[in-house]
Amino acid sequence: MHAPVLVLRDSLKRESGTKVHHANIQAAKAVADIIRTTLGPRSMLKMLLDASGGIVVTNDGNAILRELDLAHPAAKSMIELSRTQDEEVGDGTTSVIVLGGEMLHVAEAFIEKSYHPTVICRAYNKALEDAIAVLDKIAVSIDVNDRPTMLGLIKSCIGTKFTSQFGDLIADLAIDATSTVGVDLGQGLREVDIKKYIKVEKVPGGQLEDSKVLKGVMFNKDVVAPGKMKRKIPNPRIILLDCPVEYKKGENQTNAELVREEDWEVLLKMEEEYIENMCVQILKFKPDLVITEKGLSDLACHYLSKAGVSAIRRLRKTDNNRIAKACGATIVNRPDELQESDVGTGAGLFEVKKIGDEFFAFIVDCKDPKACTVLLRGASKDLLNEVERNLQDAMSVARNILKNPKLLPGGGATELTVSAALKQKSSSIEGIEKWPYEAAAIAFEAIPRTLAQNCGVNVIRTMTALQGKHANGENAWIGIDGNTGEITDMKERKIWDTYNVKAQTFKTAIESACMLLRIDDIVSGIKKKQAPGAQGPSKPKIETEADADWRADTSGLKMLVTS
């Protein structure tokens with residue numbers, strides 16, 4: 001007689017799972033709607049207010065989502081997507097959220113029809129495999145040494161950004177910087193470490209056109225004794241240290257008991273000799289510039305300036321690494337271990353200049369620098385911050401091309417081609433997975449549709465015309481021009497995307513949608529704070545909302561069974 005009760009309990013459990021799915025999908029859609037308007041060249045900017053009262057004006061998807069404080073765990077998961085995309089390929093942060101939101105949106109209808117999430121996920125993963133196969137088919141290889149093509153590609157990828165109004169400036173800076181720090185690993189592989197070896201130095205003042213990539217590095221430091229030490233040295237010999245050039249203090253409390261007056265002088269003499277000995281070991285190699293990450297005592301400064309050597313102290317570790325890469329020096333831990341091979345001789349000029357109120361040291365004109373600094377000038381800090389964000393994206397695009405030199409059409413053409421191919425293939429899929437597979441194909445149209453919306457054109461007409469062009473799997477390069485809203489050939493307009501970014505966008509969006517669909521319950525592990533004056537903790541109840549509903553619904557059923 002208990003069978004009806006079990007069936008009822010099972011259906012209620014499924015219903016509570018459906019509620020969670022709806023909540024997750026709504027949260028993901030809300031995040032996608034926040035940044036939907038920032039996709040494409042005619043996108044809107046967002047003004048963000050942070051906790052300390054500062055403002056950020058940007059249309060970079062990741063920068064916007066980073067500032068949001070959302071309570072729902074599914075929304076937080078979507079924000080994490082954008083961060084992953086930004087760290088992995090540096091571009092497509094808005095597209096991945098829009099596509100992920102749309103994938104969840106089309107799944108909602110199947111959840112309501114009691115499709116099991118695993119079935120939907122299986123269909124989505126199949127669609128992802130086929131989508132990547134379509135990308136491989138339509139991708140075009142390019143020559144990374146062809147600068148005009150590279151320029152055009154980077155310009156089209158950052159054409160949606162705020163700095164696109166400054167022409168080729170940002171694209172030029174990005175190509176120069178990434179080609180400087182690129183290292184060939186052999187077998188056609190190339191490593192470009194943007195975070196470690198490219199420093200962006202923002203100096204307010206001057207014009208944006210004054211920005212440039214230095215053939216070397218700059219940092220915000222002056223020599224230790226400006227009056228005594230030279231501020232300009234051509235072809236300097238550079239020694240880099242990461243130890244203090246001063247007398248070592250005792251690590252724990254040290255007591256020295258002095259009996260005679262002369263002992264004090266002996267103690268001071270020992271200190272002086274220790275520092276002098278260190279300086280002699282350094283000066284043996286006839287350096288022109290000594291840079292240390294730690295302190296440099298006044299006495300050491302005196303010995304070095306007497307020998308005509310300039311010195312800089314307390315430099316950041318990251319800056320020191322960049323200098324080593326730029327001038328070919330090796331960072332040394334102890335002066336007595338110095339060798340001739342550790343001295344950097346690759347720099348053409350060391351100079352200290354005053355920009356605005358601050359002094360900056362330049363080590364430039366390096367022979368074969370594997371690190372560089374991008375000097376950005378501009379009217380205000382807000383402008384410079386946005387230019388820096390755009391430059392990071394441009395450098396990521398350049399890095400992606402150097403790593404995998406393949407192109408895909410931009411302007412939503414890739415998504416439309418993938419969508420058409422998947423629609424065609426869905427007819428050959430048997431069983432229940434056919435419908436979610438077809439829905440995934442339709443979800444890819446979210447990108448061109450959003451572009452059309454942001455251009456201000458008639459969305460329905462434009463999308464119908466585009467679908468007609470792509471219906472037979474032809475015209476893979478027909479897409480939407482984000483500036484005018486016209487349907488054009490992307491090759492003619494030079495609107496391109498990199499293969500790495502597109503593939504990563506599809507993978508991240510679909511895999512995250514599958515992950516969120518697999519969640520059927522959200523359990524909070526946080527204890528609620530008790531109100532003051534309330535009674536002690538009551539006995540915990542192991543009961544869910546579904547159990548309560550079940551008890552209410554089955555009270556009549558129990559009476560029926562007992563009677």
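Let me start with one pair of residues: Lys212 stands opposite Leu375 in strand E16. Keep in mind that this is a predicted model.

That pair belongs to two strands that run side by side. Strand E7 and strand E16, residues 372-378, pair in the antiparallel sense over three bridges. Both are part of an open sheet of three strands, in the order E6-E16-E7, and the pairing in the sheet is mixed. Which strands stand at the edges? They are E6, residues 198-204, and E7, residues 212-214. Each has a single partner strand, so one side of each is left without a neighbour in the sheet. On average, neighbouring strands of this sheet are turned by 25 degrees against each other, if direction is ignored.

Now add a helix. Helix H12, residues 381-403, packs on the sheet and touches E6 and E16. The direction of H12 makes about 160 degrees with that of E6.

Next, a residue in another helix. Arg322 sits in helix H11, which covers residues 317-327. Is Arg322 buried or exposed? Its relative accessibility is 5%, and buried means under 20%, so Arg322 counts as buried. What is Arg322 in contact with, leaving aside its neighbours within four places in sequence? The list is Lys195, Lys196, Tyr197, Ile198, Lys199, Val217, Ala371 and Cys372. Two names there link back to the sheet: Ile198 falls in the range given for E6, and Cys372 falls in the range given for E16.

Now to the surface. Leu258, Trp264, Val266, Leu267, Leu268 and Met270 make a nonpolar surface patch of about 540 Å². Take Leu268 as one of these residues. Leu268 lies in helix H9, residues 261-283. Its relative accessible area is 37%, which lies between the 20% limit for buried and the 50% limit for exposed, so Leu268 is partly exposed.

Last, the protein as a whole. How many helices and strands does the protein have? There are 19 helices and 20 strands. Of the 563 residues in the protein, 49% are buried. The protein exposes about 28900 Å², and carbon and sulfur atoms supply 51% of that area. Then there are the contacts with a separation of 6 or more: residues 24 or more positions apart account for 74% of them. The contact between Arg322 and Lys195 is one example of residues far apart in the numbering.

That is the end of my part.

Methods. Residues are numbered from 1 along each chain as its sequence is written. This is a predicted model: local features need pLDDT of at least 70, side-chain atom pairs count only at pLDDT 80 or more; totals for chains, interfaces and linings use all residues. Side-chain values use heavy atoms; hydrogens and water are left out. Patches are made of residues with over 30% relative accessible area and no salt bridge: like charges are joined within 9 Å, nonpolar side chains (Val, Leu, Ile, Met, Phe, Trp, Tyr) within 5 Å. Accessible areas come from the Shrake-Rupley method with a 1.4 Å probe; for residues, only the protein chains shown count as cover. A salt bridge is a side-chain nitrogen of Lys or Arg within 4 Å of a carboxyl oxygen of Asp or Glu. Helices (H or I, at least four residues) and strands (E, at least two) are DSSP runs, numbered from the N terminus. Buried means under 20% relative accessible area, exposed over 50%, partly exposed in between (1.4 Å probe, protein chains only). Two strands pair if DSSP finds at least two bridges between them. Axes are lines fitted to C-alpha atoms, for helices over the stretch in contact, and angles run from 0 to 180 degrees between N-to-C directions. Contact means heavy atoms within 4.5 Å.
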